[in-house]
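This report describes a protein structure, beginning with one strand residue and its surroundings and ending with the overall dimensions.

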Amino acid sequence: MKKAPKHEPDERLTVTPPKKWAAGVPAVTHALEYSLEEATVPTTAKTLLTMNQVSGIDCPGCAWADPAPGQRHMNEYCENGAKHINDEATGRRITRDFFRAHSVSWLNEQSDLWLNQQGRLTEPMVKRPGSDYYEPISWHDALGLIADELKSLDSPDEAVFYTSGRASNEAAFVLQLFARAFGTNNLPDCSNMCHETSGFALHETLGTGKGTVGLEDFYQADLVFVVGQNPATNHPRQLSALEKCKHNGGKIISVNTLPEAGLIRFKNPQEISGVIGNGTKISDLFLHIRSGGDLALFQGVNRLLLEAEDAAPGSVLDHDFISAHTSGFEEFAEHARTVSWDDILTATQLTRQQIEEVRDYVLRADRVIVCWAMGVTQQRHGVPTVREIINFLMLRGNLGRPGAGASPVRGHSNVQGDRTMGVWEQMPDDFLDALQAEFGFNPPRQHGLDSVNAIKAMTEGRIKVFLSLAGNFVRAAPDTRITDDAMRRCRLTAQISTKLSKAHTVIGETALILPCLGRTEIDTQATGVQFVTVENTSSEVHTSFGKLRPASRLLLSETAILCRLADRTLDGKVTIPWKEFQADYGNIRDRISHIIPGFFDFNRRVARPGGIKLPNPVNEGVYATATGKAMFTRNAFDMSHAPAGALILQSMRSHDQWNTIPYTANDRYRGIHGRRNVILVNPDDVTELGLARGQYVDIIGVWHDDVERRVDGFIVVPYPTTRGCAAAYYPEVQPLVPLDSVAESSNQPTSKGIVVRLEPTTPPPGAKPAHFQV
């Protein structure tokens, strides 16, 4: 089926009051409307009814865990998952005629929304040096061109191998194996920009980079903290788990700079109460915190818990856990008592009474979970914040037991699996030793480049080839102007992709589009139909089977592309059976089972309904830290600062968006319709800054270098943000994130702590005035 592309939305901005609840019947309606705009009724039925089912298609969206087999609803998906899967299953196609009609320069002027709406890529394309147009190329010639360029490099470290969380375990394993056999650890990935901070802090304190809880733990928890996270948009099925927690008597504390709809109330469309009733109140306590104030909040709560223990010795802290399983408590406690309340209240913009109320909730709870996302990690002091969260959990023994623990909620389907498979520039020696023992070559030991350092290396001319497995690096990365310039300095860029994006318009001297199968599509290789595996945020590994006919006969799977390219590039210098890997992905899983702990007998175990639950050392009382125990840490007080007249800006996704790609220009939960170039500002700040609702402003970054960072023509929308804080959509404000503004230790860009000022400007010619509905 071939449909005409949709058009850009109407330019008029309409603002309605923010919603007070999430999901319900409108979520079902919007999911079906979007799905049926993209795909036929039979296709939509096939994708939705098999999505997240045993032997079905794993949602290519977020990484939230599925209920156990036998406990899944026949419609085990959310609104955004339905949109995401049918956006991939679209009937629209991009052919060579499209590229003949549109230059790369012209395409680069189009929006992310428009580019995505054009449909699926259908055949390999190349843009040659000096040309402004893509033209068709055979797979043989495309892979040969990349292989020749890689072999011509003076050093393997002149290449970068990037991936995003959409890739399967099999493709991710092959990618890192190819890169290391080629001779480099330059393996940046999307984790560098979302949860790298979590990994660094958790490794340091617990000895593992992963969370410690599963789905069932949410059902058993007495208290769940949701910190710096918007489940209704980014992980909608989490709301079902939070609802079940509430029904079982649990309480929820939400900590956020915005009062998001899903943190207020949830109307579960799979329950009668969510269709005709009022649904479930989610937050028992909502803390409207200042951006970056989470470190101070947990420092304040920890101080209160220590003081409560002083007042009633033996009744507050879990001394047995602290003594048997932790180190550094005394040093932590001494420091925790010194953090001043003036600092805590300034950083959080909360009252002491509110923080004492948090303490009281904690004292009534035997089992506590803290889950967090990028509101925590994308701050300069994100690593200390996560460490302080671990301090909090350890004080009352909320680790290693049911209904309690740490939950960094991953935002993309297999981003955690990519890291498990070895896609990291700093993999430890035991992993590299296992690779060497299995394949007979010595992997490079020097750490490679992460995303930020890869951009710097490209800017300096040290990177000649950039290969991307899925993802939209140029839009996800910080400091867009610098990133774009860096990418254009490469001799060759190659993108393994399903759909068109800016990744195909901000390119090197030679550029290749390598179109691949989506997760929804049947993958047939020499030994028959293949399945792939993914790992969710609860460390469960399960299968995904494509169900749809491929969008084009010229598509190859991600795994096939990488195996063929590795075979062409390495010329047999390393005895890795690339052809066997491509022919049967079970051969890849056999090798994974020899290398990665927890994957023994991988092929047989993952085929069972529900797949494999990977062991978590924390839940077994094992801590691979410097002391062999969970580590309390001393974390210096820190907070975000903005000079007078400036605001702290956070980037965010709209409800109708997945990662860098919006599906419409609406954000109905926040009441934004028709435009994305808006900035949400507290009404008192609007007045104090001398602005007015609907006014056009340019947003200018405030940073200490000489680079001007600005985005033009944004519309001011008064909104209940925290005073001194503002919010705008990602990736539109990525140009404002300085490349050097990164989290301590993790080097993760600080997209939730951008200091900006607003400069009034005139509306563009013909602009329609914004309409605000009271």
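Val717 touches Leu13, Val15, Ile672, Val678, Ile679, Leu680, Val681 and Phe772, leaving out residues up to four places away in sequence; contact means heavy atoms within 4.5 Å. The structure is a predicted model, in which local features need pLDDT of at least 70 and side-chain atom pairs count only at pLDDT 80 or more, while totals for chains, interfaces and linings use all residues. Residues are numbered from 1 along each chain as its sequence is written, and side-chain values use heavy atoms, with hydrogens and water left out.

Val717 lies in strand β31 (residues 710-718). Helices (H or I, at least four residues) and strands (E, at least two) are DSSP runs, numbered from the N terminus. The relative accessible area of Val717 is 0%, so Val717 is buried; buried means under 20% relative accessible area, exposed over 50%, and partly exposed in between (1.4 Å probe, protein chains only). Between Val717 and Thr47 there are 37 Å, C-alpha to C-alpha, at a sequence separation of 670 residues.

Three single residues are compared by element and accessibility below.

| Residue | Element | Relative accessible area | Class |
|---|---|---|---|
| Val717 | β31 (residues 710-718) | 0% | buried |
| Asn108 | α5 (residues 104-108) | 18% | buried |
| Val275 | α13 (residues 272-275) | 40% | partly exposed |

Asn108 is in contact with Arg488, Lys502, Thr505 and Val506, when neighbours within four places in sequence are set aside.

Val275 also belongs to a nonpolar surface patch of about 400 Å², together with Val25, Ile272 and Ile276. Patches are made of residues with over 30% relative accessible area and no salt bridge; like charges are joined within 9 Å, and nonpolar side chains (Val, Leu, Ile, Met, Phe, Trp, Tyr) within 5 Å. A salt bridge is a side-chain nitrogen of Lys or Arg within 4 Å of a carboxyl oxygen of Asp or Glu. Accessible areas come from the Shrake-Rupley method with a 1.4 Å probe, and for residues only the protein chains shown count as cover.

An open sheet of 3 strands has the order β2-β10-β11 and mixed pairing. Its edge strands, each pairing on one side only, are β2 (22-23) and β11 (280-281). Strands pair if DSSP finds at least two bridges between them. β2 runs parallel to β10 (residues 265-267), joined by 2 bridges, and Ala22 has Phe266 of β10 as its bridge partner.

Elsewhere, β21 (residues 532-535) is covered on both faces, with Val532 and Val534 buried on one side and Thr533 and Glu535 buried on the other. β21 pairs with β22 (residues 540-544) in the antiparallel sense over 4 bridges, and Glu535 stands opposite Val541 in β22. The hairpin of these strands has 4 residues between them, and Ser539 there takes a positive phi near 65 degrees.

Helix α3 (residues 79-88) is largely enclosed by the rest of the structure, because 10 of its 10 residues are buried. Among them are Lys83, His84 and Glu88. The buried residues of α3 pack against α1 (25-38), α2 (41-50), α6 (112-117), β4 (120-121), α11 (231-234) and β26 (657-658).

The protein has 30 helices and 34 strands. Its radius of gyration is 25 Å, close to the 28 Å that the globule rule gives for 774 residues, so the protein is as compact as a globular protein of that length. The radius is taken over C-alpha atoms, and the rule is 2.2 Å times the number of residues to the power 0.38. The C-alpha trace spans about 75 × 65 × 55 Å along its principal axes, and 65% of the 774 residues count as buried.
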